[in-house]
Amino acid sequence: QVQLVESGGGLVQAGGSLRLSCAASGSITRIDNMAWYRQAPGEQRELVAQITEKGTIMYGDSVRGRFTVSRDDAKNTLYLQMNGLEPGDTAVYYCYAYLLAWSLPTYKLYWGQGTQVTVSS
């Protein structure tokens with residue numbers, strides 16, 4: 001059974017920083033793409049940042065220059081360093097991993113349960 005568990009969310013003032021983590025656990029053979037998405041109330045889920053197994057990175061337009069995504073494949077963990085937070089960054093942040101579990105013949109997409117980030121003005 002593969003699980004993704006996010007942590008690091010919370011309440012912060014505008015201009016502050018937070019670091020999110022997403023740990024993948026279970027019988028994992030290999031992880032391809034990993035990414036962070038976010039969803040604010042009444043809004044669609046949007047891409048925040050994505051990083052491939054080879055290290056290719058892509059950011060959403062609204063966070064480029066403020067957020068930094070990274071991964072530690074030895075720990076099967078994805079990170080998101082968020083600096084210069086703005087009230088518009090308030091949302092539930094979800095991670096996903098496109099991975100191969102040892103019990104399955106093909107890659108599958110897994111989502112975490114989400115962590116709340118609230119930025120006060």
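This passage describes strand E9, its partner strands and the nonpolar core to which it contributes, as seen in a predicted model.

Strand E9 spans residues 91-101, and most of it is covered, with 9 of its 11 residues buried. A convenient place to begin is its pairing. Strand E4 (residues 28-39) runs antiparallel to E9, and 9 bridges join the two. Within this pairing, Val92 of E9 stands opposite Gln39. E9 is also joined to strand E11 (residues 115-120), again in the antiparallel sense, through 3 bridges. Here Val92 appears once more, with Gln116 of E11 as its bridge partner. Val92 can thus be followed from Gln39 to Gln116.

A further antiparallel partner of E9 is strand E10 (residues 108-111), with 4 bridges between them. Tyr98 faces Leu109 of E10 in this arrangement, and the hairpin that connects E9 to E10 passes through 6 residues.

Attention now turns to the core. The largest nonpolar core holds 31 residues, of which Trp36, Leu80, Met82 and Tyr93 touch the most other members. Two or more residues of this core come from each of the strands E3 (18-25), E4, E5 (46-51), E7 (67-72), E8 (77-82), E9 and E11. E9 supplies the largest share, namely 6 residues.

Leu80 offers a helpful close-up of the surroundings of one such core member. Setting aside residues up to four places away in sequence, Leu80 touches Leu18, Arg19, Leu20, Trp36, Val48, Ala49, Phe67, Thr68, Val69 and Tyr93. Two of these contacts, Trp36 and Tyr93, are themselves among the residues that touch the most other core members.

Terms used. Residues numbered from 1 in each chain as written. Predicted model: local features only at pLDDT ≥ 70, side-chain atom pairs only at ≥ 80, totals over all residues. Heavy atoms only, no water. Buried < 20%, exposed > 50% of the residue type's maximum accessible area, 1.4 Å probe, protein only. Pairing = 2+ DSSP bridges. Core = buried A, V, L, I, M, F, W, Y, C linked by side-chain atoms within 4.5 Å. Contact = heavy atoms within 4.5 Å.
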